[in-house]
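Here is a friendly note to read with the structure open beside you. Take the points one at a time, and find each residue in the picture as you go.

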Amino acid sequence: MSARNPSHNSYEREPKEPSGKSKCSSTQKAICVGSIGFLLVCILVGTYFGVNAYISHEVDKNDVLLSGTTIANEWASPSTPVYTNFYFFDLQNAEEVLKGAKPRVVQRGPYAYREYKEKVNVTWSDDLDVVQYFEKDYFIFDANRSSGDV
């Protein structure tokens with residue numbers, strides 16, 4: 001009888017040392033990376049065109065000027081403030097200038113005015129293709145934005 005190691009059974013295999021290599025060949029790896037890349041490109045292209053189509057649809061839906069819509073109300077009476085600043089030059093030596101002297105001027109301002117635009121007497125055609133209106137513009141002095149009174 002031969003001497004046997006009692007801790008070693010004949011039916012057990014010794015564990016192999018890890019070799020560090022995967023079971024996939026380089027061709028399989030290339031196919032896997034290519035497939036993932038192709039999938040990502042498809043997702044990005046689909047997302048781009050899908051989002052672009054959605055945005056275009058929303059813009060087209062909301063940019064039509066129809067009576068009673070938000071865009072029509074904003075068009076008729078804009079809520080965005082528009083300010084205009086005026087500057088003037090005060091001639092300090094008018095008598096001397098009349099005699100040929102060089103003018104001496106002092107800049108005055110700014111004098112700020114808020115501009116209001118409003119469309120009045122707005123009428124829509126029966127098929128809503130034509131709108132007629134008069135535009136009313138007026139300015140209101142804004143002392144807080146000005147440097148002095150008028």
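1. A good place to begin is one facing pair of residues: Glu118 stands opposite Lys136, which belongs to strand S3. Please keep in mind throughout that this is a predicted model. The strands that meet here are S2 and S3, which run antiparallel and are joined by 10 bridges. S2 covers residues 105-124, and S3 covers residues 131-141.

2. Now follow the chain around the turn. S2 and S3 form a hairpin with six residues between the strands. Look for Leu128 in this hairpin, where the residue takes a positive phi near 65 degrees.

3. On to the other pairing of S2. S1 and S2 also pair in the antiparallel sense, over nine bridges. Two facing pairs help you to see this: Tyr83 stands opposite Arg114 in S2, and Leu91 stands opposite Val105 in S2. If you wonder what holds such strands side by side, strands of a sheet pair through backbone hydrogen bonds, either parallel or antiparallel.

4. Put the pairings together and you have the sheet. How many strands does the open sheet have, and in what order? There are three, in the order S1-S2-S3, with antiparallel pairing. S1 and S3 stand at the edges with a single partner strand each, so one side of each has no neighbour in the sheet. From one strand to the next, the twist averages 30 degrees.

5. Next, step back to the whole chain. The protein chain has three helices and three strands, and from the N terminus on its elements run α-α-β-α-β-β. Of its 150 residues, 7% count as buried. The accessible surface comes to about 13,000 Å², and carbon and sulfur atoms hold 58% of that. Among contacts with a separation of 6 or more, 46% are between residues 24 or more positions apart.

6. Asn93 deserves a closer look. You will find Asn93 in the loop between strand S1 (82-91) and helix H3 (94-98). Is Asn93 buried or exposed? Asn93 is buried, because its relative accessible area is 5%, and the cut-off for buried is under 20%. A polar atom of the Asn93 side chain lies 2.9 Å from the backbone nitrogen of Arg104. Leaving aside neighbours within four places in sequence, Asn93 is in contact with Lys102, Pro103 and Arg104.

7. Compare that loop residue with one in a strand. Glu115 sits in strand S2 and counts as buried because its relative accessibility is 17%. The side chain of Glu115 makes a polar contact of 3.5 Å with the side chain of Lys117. Setting aside neighbours within four places in sequence, Glu115 is in contact with Val82, Thr84, Tyr138 and Phe139. While you are looking at strands, remember that in a regular strand the side chains alternate between the two faces of the sheet.

8. Phe88 is another strand residue to find, this time in S1. With 47% relative accessibility, Phe88 counts as partly exposed. Phe88 and Gln107 are 19 residues apart along the chain, and their C-alpha atoms are separated by 5.8 Å. Not counting residues up to four places away in sequence, Phe88 touches Val106, Gln107, Arg108 and Tyr111.

9. Last come the cysteines. A disulfide is a covalent bond between the sulfur atoms of two cysteines. How many disulfides are counted in this model? The count is zero. Why is Cys24 not bonded to Cys32? The closest cysteine sulfur to that of Cys24 is in Cys32, and the two are 7.4 Å apart, which is too far for a bond; the cut-off is within 2.5 Å. Seen from the other side, Cys32 is in no disulfide, and its nearest cysteine sulfur is that of Cys24. Cys24 is partly exposed, with a relative accessible area of 44%, and Cys32 is also partly exposed, with a value of 44%.

Definitions and conventions: Residues are numbered from 1 along each chain as its sequence is written. This is a predicted model: local features need pLDDT of at least 70, side-chain atom pairs count only at pLDDT 80 or more; totals for chains, interfaces and linings use all residues. Side-chain values use heavy atoms; hydrogens and water are left out. Helices (H or I, at least four residues) and strands (E, at least two) are DSSP runs, numbered from the N terminus. Buried means under 20% relative accessible area, exposed over 50%, partly exposed in between (1.4 Å probe, protein chains only). A polar contact is a pair of N or O atoms within 3.5 Å; within protein, one must be able to donate a hydrogen and the other to accept it, and residues adjacent in sequence count only if both atoms are side-chain atoms. Contact means heavy atoms within 4.5 Å. Two strands pair if DSSP finds at least two bridges between them. Axes are lines fitted to C-alpha atoms, for helices over the stretch in contact, and angles run from 0 to 180 degrees between N-to-C directions. Accessible areas come from the Shrake-Rupley method with a 1.4 Å probe; for residues, only the protein chains shown count as cover.
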